[in-house]
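Let us take a walk through a protein together, beginning with the whole and ending with single residues. Please keep the picture beside you as you read.

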Amino acid sequence: MTDREDLVAALLNDSTNVFVLSGAGISTESGIPDFRGPQGLFTRFPEASRMFELDAYVGDPEVRRAAWRVRSQPDMWNAEPNAGHEAVARWEGAGRAVTVATQNIDGLHIRAGSSEVLELHGTFWESQCLSCEERRPIAETLDRVRAGDEDPMCLRCGGILKSATVSFGQMLDPDVMAAAANAAVECDLALVIGSSLTVQPAASLCAVAADSAPLVIINAEATPYDDLAEVTISTPIGQTLTRITSRLGLGAAAR
């Protein structure tokens with residue numbers, strides 16, 4: 001346990017209302033590469049960025065077909081919560097509330113057991129019609145893709161389907177964002193875990209929290225908000241959070 005980890009454990013021990021903002025870095029240890037890292041989708045396939053642009057997705061059937069092929073890949077389907085997700089879930093209870101606002105679409109915080117999770121950028125696990133907004137488990141839509149329907153349309157209204165995630169050019173859910181901002185305002189400790197803090201408006205939540213609470217940033221690289229942080233840590237997330245959680249007397253995270 002380093003001095004910085006010991007300080008984070010002490011801050012957690014004294015907290016009752018914790019706000020966590022998580023990004024892609026917490027899920028890379030589950031085998032999900034981030035978008036812009038060495039093995040990221042945008043690094044390996046620069047043209048893939050068009051799949052995440054709403055106008056291109058709506059206007060070009062080939063972009064949609066390519067997006068459904070990517071969604072069929074095993075990275076997301078085979079991923080399991082790692083020690084980092086499990087550590088965050090263990091912080092709940094004993095008089096401590098934890099709200100997780102995540103930029104990730106993988107659902108791993110929920111599967112790890114965190115009870116209050118705000119998915120800022122939506123979820124991969126559902127498909128959504130852009131016209132009537134009907135949602136279905138994405139597995140149903142992917143079954144249609146694997147059966148040969150390369151650009152599946154909504155079974156209710158015939159509209160365009162996409163994963164229920166927020167694309168570039170698409171608004172974040174205002175209710176989810178408002179709930180996250182409220183959690184940031186009301187917290188007595190804020191932790192950023194695995195986020196480069198370069199994507200807005202999600203990144204601005206750590207500045208909101210830092211106005212009234214200590215801010216901890218755990219990320220492999222420096223972020224634009226490091227100067228606001230009381231503690232910054234760059235060691236691997238799973239190992240770091242496991243040690244901090246053990247220091248709280250909550251036991252080591254699984255795995």
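What follows starts with the overall build and then visits a helix, a few loops and some individual residues.

Please bear in mind that this is a predicted model. The protein is built from 11 helices and nine strands. Its radius of gyration is 19 Å, close to the 18 Å that the globule rule gives for 255 residues, so the protein is as compact as a globular protein of that length. If you turn the C-alpha trace along its principal axes, you will find that it spans about 55 × 35 × 30 Å.

How much of the protein is buried? Buried residues account for 48% of the 255 residues. The chain also folds back on itself: among contacts with a separation of 6 or more, 67% join residues that are 24 or more positions apart. On the outside, the accessible surface comes to about 11,800 Å², and carbon and sulfur atoms contribute 51% of that. As for charge, the protein carries 20 positive and 35 negative charges, and the mean positions of these two groups are 7 Å apart.

Now let us look at one helix, α11, which covers residues 237-247. Its buried residues are I237, G238, T240, L241, T242, I244 and T245. A general point helps in reading such a list: an α-helix has 3.6 residues a turn, so residues three or four places apart point the same way. In α11, I237, T240, L241 and I244 are among the buried residues, and you can try tracing them in the picture. What covers the buried residues of α11? The cover includes two helices, α1 (3-13) and α6 (83-90), along with the strands β7 (189-193), β8 (215-218) and β9 (231-233). Just after α11 comes G249, which takes a positive phi of about 80°.

Another helix worth a visit is α7, made of residues 108-112, where H109 is found. With a relative accessibility of 2%, H109 counts as buried because the cut-off for that class is under 20%. Beyond its neighbours within four places in sequence, H109 is in contact with S22, I26, H85, V100, T102, S114 and V117. N82 lies 27 residues from H109 along the chain, and the C-alpha atoms of the two are separated by 9.3 Å.

From here we can move to the loops. S195 sits in the loop between β7 and α10, and it is buried, with a relative accessible area of 3%. Which residues does S195 touch, leaving out those up to four places away in sequence? They are G23, Q103, N219 and T223. With Q103 there is also a polar contact between the two side chains, at 2.7 Å.

T223, one of those partners of S195, belongs to the loop between β8 and β9. T223 is buried too, at 8% relative accessibility. Its contacts outside its neighbours within four places in sequence are S195, S196, L197 and I217. The side chain of T223 also makes a polar contact of 2.7 Å with the side chain of D226.

The loop between β7 and α10 (204-210) holds P201 as well. Here the backbone has a feature to look for: the peptide bond from Q200 to P201 is cis, with omega near 5°.

Two other loops show a positive phi in a residue that is not glycine. One case is A94, with phi near 55°, in the loop between α6 and β2 (97-102). Is A94 buried or exposed? A94 is exposed, with a relative accessible area of 86%. The other case is E133, whose phi is about 70°. E133 lies in the loop between β4 (122-129) and β5 (135-137), and it is exposed at a relative accessible area of 57%.

Our last stop is C132, which is also found in the loop between β4 and β5. C132 counts as partly exposed, at 27% relative accessibility. Not counting residues up to four places away in sequence, C132 touches C154, R156 and C157. For C132 and C157, the separation is 25 residues in sequence and 6.9 Å in space, C-alpha to C-alpha.

Note on methods: Residues are numbered from 1 along each chain as its sequence is written. Side-chain values use heavy atoms; hydrogens and water are left out. Helices (H or I, at least four residues) and strands (E, at least two) are DSSP runs, numbered from the N terminus. The radius of gyration is taken over C-alpha atoms; the globule rule is 2.2 Å times the number of residues to the power 0.38. Buried means under 20% relative accessible area, exposed over 50%, partly exposed in between (1.4 Å probe, protein chains only). Contact means heavy atoms within 4.5 Å. Accessible areas come from the Shrake-Rupley method with a 1.4 Å probe; for residues, only the protein chains shown count as cover. Lys and Arg count as positive and Asp and Glu as negative; His and the chain ends are not counted. The place of a charge is taken as NZ of Lys, CZ of Arg, CG of Asp or CD of Glu. A polar contact is a pair of N or O atoms within 3.5 Å; within protein, one must be able to donate a hydrogen and the other to accept it, and residues adjacent in sequence count only if both atoms are side-chain atoms.
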